[in-house]
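Biologist: Can you walk me through this one? I'd like to start with the pockets.

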Amino acid sequence: MAEVEETLKRIETHKGVIGTIVVNAEGIPIRTTLDNSTAVQYAGLLRHLTMKARSTVRDIDPQNDLTFLRIRSKKHEIMVAPENDFLLIVIQNPCE
């Protein structure tokens with residue numbers, strides 16, 4: 001667990017990082033640097049988007065799997081690293 005904490009702290013110190021969220025398999029934020037309502041909103045929406053992206057990748061090639069999802073908007077860049085039991089979501093300002 002200490003290794004996970006170290007990794008999250010290292011990510012959070014990167015320039016432009018606004019927040020991080022670790023989401024369990026049910027879509028519930030279990031660790032976040034954002035306020036609760038924002039974390040719940042990001043967790044729910046990104047869990048569904050990640051599941052859809054994973055399904056699309058597997059439909060194209062059943063031997064393949066989604067390993068990373070990056071979304072860039074005018075205001076933010078959202079990076080999602082899906083694992084079997086959780087999602088790691090990092091939100092950052094792309095201009096910094």
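**Pockets and cores**

Modeller: Sure. This is a predicted model. Ten residues line the largest pocket, and Val4, Leu8, Val22, Phe86 and Leu88 lie nearest its centre.

Biologist: How much space lies in the largest pocket?

Modeller: About 200 Å³.

Biologist: Which element gives the most to that lining?

Modeller: Helix H1 (2-12). H1 gives four residues. Strand E2 (29-32) and E5 each supply at least two residues as well.

Biologist: And how do the lining residues divide?

Modeller: Eight are nonpolar, one is polar and one is charged.

Biologist: OK, next pocket. How much space lies in the second largest?

Modeller: About 160 Å³. Its lining has five nonpolar, three polar and four charged residues. Among them are Arg47, Arg54, Glu83 and Asp85.

Biologist: Where does the largest share of that lining come from?

Modeller: From H2, with four residues. E1 and E5 each supply at least two.

Biologist: Switching topic. Which residues touch the most other members in the largest nonpolar core?

Modeller: Ile21, Val23, Ile78, Val80, Ile89 and Ile91, out of 14 residues in that core. Strand E1 (17-24), helix H2 (36-60), strand E4 (77-82) and strand E5 (86-92) each give two or more residues to this core. H2 gives the most, with four.

Biologist: What does valine 80 touch?

Modeller: Leaving out residues up to four places away in sequence, Val80 touches Leu46, Thr50, Phe68, Leu69, Leu87, Leu88 and Ile89. Another core, of seven residues, lies apart from the largest one. Val17, Met79, Leu88 and Val90 are among its members.

Technical notes:
Residues are numbered from 1 along each chain as its sequence is written. This is a predicted model: local features need pLDDT of at least 70, side-chain atom pairs count only at pLDDT 80 or more; totals for chains, interfaces and linings use all residues. Side-chain values use heavy atoms; hydrogens and water are left out. A nonpolar core is a set of buried Ala, Val, Leu, Ile, Met, Phe, Trp, Tyr and Cys residues joined through side-chain atoms within 4.5 Å. Buried means under 20% relative accessible area, exposed over 50%, partly exposed in between (1.4 Å probe, protein chains only). Contact means heavy atoms within 4.5 Å. On a 1 Å grid over the protein atoms alone, a cavity is a set of points where a 1.4 Å probe fits but cannot get out, and a pocket is an open set with protein on both sides within 12 Å along at least five of seven lines; lining residues have an atom within 4 Å of a point. Grid points are joined across faces, edges and corners, and a volume is the space filled by probe spheres set on the points. Ala, Val, Leu, Ile, Met, Phe, Trp, Tyr, Cys and Pro count as nonpolar, Asp, Glu, Lys and Arg as charged, and the others, Gly among them, as polar.
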